[in-house]
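Here is a friendly walk through a protein chain, for anyone meeting it for the first time. Have a look at the structure, then read on.

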Amino acid sequence: MAGMEELCQGASDAAARIGGGIAKGSLFTIVTHTDVDGISAGTLAFLALRNQGGKAHLLFSPHVYPEDLVRLLSDDPEFLIFCDMGSDLLPELVKLGRDFLVLDHHATDNEGENLVNPSTVGMDGTRDISASGVVYLVASALNPVNADLSHIALCGAFGDMQTLRGANERIANDAESRGLVRRRKEIRLIGRRNRSIEYSLRYTTLPFIKGLSGNPVGIRNFLKETGVGDDPKKTISELDDDMERVLISNLAERMVKNNASTFEAEKLFGATLHVLTGQVPTIEDLVDYIESCGSLGRYSTAFALLSGDPGSLEGAERSRLEYKEKILQGVDLFKSAVHLANIDYLVLEGWDEYAGKLCGIYANAGFSGHQRPIFTLSLDGSNVKVSARTNPRLVDRGLDLGRALKAISSRFEGSGGGHDVAAGAKIPAKSIEDFVRELDREVGLQLAEEEVEE
Ligand code: C5P
């Protein structure tokens, strides 16, 4: 795999630096992002350090901006490790004068000995390896025994919508050979191995199925019409193959009829993993619990669940149900989306932790009638936080949200970036109207450029 050897070399050099820090007795501060990949990456880094006898603090932060860096020094960390963030902060981090590493997968033009990032070696960090995967490579170089944490790296990858290709494929081989996971090709709803069909349909929000997600009455009618659910207690995995096929085809048909992208409908079925360690039976359940806990700010529950703490499942389940309730309230706000020529946008207040997820549902589940990218603008004091999502069809037509937000936010003294399908930014609130206008223009230009090239 192109770039993999170089990335492993970078991971190995980083592991040597961490090993040196542990030998010196350095206090490590791990700073990680709060989405599923970030939480998995930070947990993996922390557990790997602990396995080596290292002393570490683990901090979860939705974003770290240049102005936040000084605050990170208040605990006087001797060695900072940034997970799933920090690539674009490299010049500022150097100025802090501390030992540090950035273990990330976001595209960046920066490079250097402190950075382990697939984009610096020509690999695709959006699709082939997550930040958790990068941390996993470092952890395995630190001590091969950390291959026992490979399922956590896979949780990060699935959390970032990645599949078992590229480096993720190798990590899945490690996990499978250790009996931590088993590969499957099957329906990918949560709860399918240990909950009723009704539960699976009600609480699955990836994919979000209009009319069924969060709608018990709709589900009961659907089960009656399709003849799938004669026994309300049955799990999906107890259905026979024919009935499972009937369920999948009816769900897919309903989604496509409701304007969901085929990409979203394809999430219903495919290559997936049963998790054989801990109490959570599938990778989709694990991702869903971590996402629920993370969105509610319950990072210690997420950490405990990933670490295999047997007491953590009850709290994670409570968080799941609470989180789903919030998501449904958020979906209700889609009615107020504003439609411009090339983009849709939605102004939110008090939805910070949900903005990215809501954008994802809007962009893929059939809410964007005109197939445009969606931007949420969340007011935060004198600033606005922006989340953006689109579906792969627009990416194929040339749209790169990370590039768009990086370019436009810098024109307004803001900062932004991310991936082609999912990106974010922060800009001063006073510029919001001009910002949205420029963004609309930029998206139009990107899509037109591609049409001209074709
Ligand atoms: O915040 P949200 O989940 O919408 O961010 C999506 C992506 O955009 C993430 O990968 C994040 O790292 C990136 N982002 C960024 N700069 C920001 C905000 C988000 O690069 N100011």
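What follows starts with the whole chain, then turns to its domains and one of its sheets.

## The whole chain

First things first: this is a predicted model. The chain's secondary structure adds up to 18 helices and 13 strands. Its radius of gyration is 22 Å, close to the 22 Å that the globule rule gives for 454 residues, so the chain is as compact as a globular protein of that length.

If you drew a box around the C-alpha atoms along the principal axes, that box would be roughly 65 × 55 × 40 Å. Of the 454 residues, 52% count as buried. Now take the contacts between residues at least 6 apart in sequence: 63% of them join residues at least 24 apart.

## Three domains

How is the chain divided? Domain 1 covers 4–180, domain 2 covers 186–331, and domain 3 covers 337–453.

Let's pick out domains 1 and 2, whose C-alpha centres lie 29 Å apart. Where they touch, domain 1 puts in 18 residues and domain 2 puts in 16 residues. On the domain 1 side, the elements giving two or more residues are α2 (36–51) and α6 (150–159). The top contributor on that side is α6, with six residues. Sorted by type, the domain 1 side of the contact has 10 nonpolar residues, seven polar and one charged.

## A six-stranded sheet

Now for a sheet. Six strands make it up, it is open, and its pairing is mixed. In what order do the strands sit? Going across, you meet β8-β9-β10-β11-β13-β12. The edges are β8 (338–339) and β12 (415–418), each of which pairs on one side only.

Further in, β10 (residues 374–380) and β11 (residues 383–389) run antiparallel and are joined by seven bridges. One example is I374, whose bridge partner in β11 is R389.

## The β12–β13 hairpin and its helix

Which way do β12 and β13 pair, parallel or antiparallel? They are antiparallel, with four bridges between them. G416, for instance, has A425 in β13 as its bridge partner. A hairpin of three residues takes the chain from β12 to β13.

There is also a helix to spot here. Helix α17 (residues 401–411) lies across β11, β12 and β13 (422–428). Against β12, helix α17 runs at about 170°.

Terms used:
Residues numbered from 1 in each chain as written. Predicted model: local features only at pLDDT ≥ 70, side-chain atom pairs only at ≥ 80, totals over all residues. Pairing = 2+ DSSP bridges. Contact = placed C-beta atoms within 7 Å. Axes fitted to C-alpha atoms, helices over the stretch in contact; angles between N-to-C directions. Domains from an automatic or database assignment. Nonpolar A, V, L, I, M, F, W, Y, C, P; charged D, E, K, R; others polar. Rg over C-alpha atoms; globule rule 2.2 N^0.38 Å. Buried ≥ 20, exposed ≤ 12 C-beta atoms within 10 Å, placed from the backbone.
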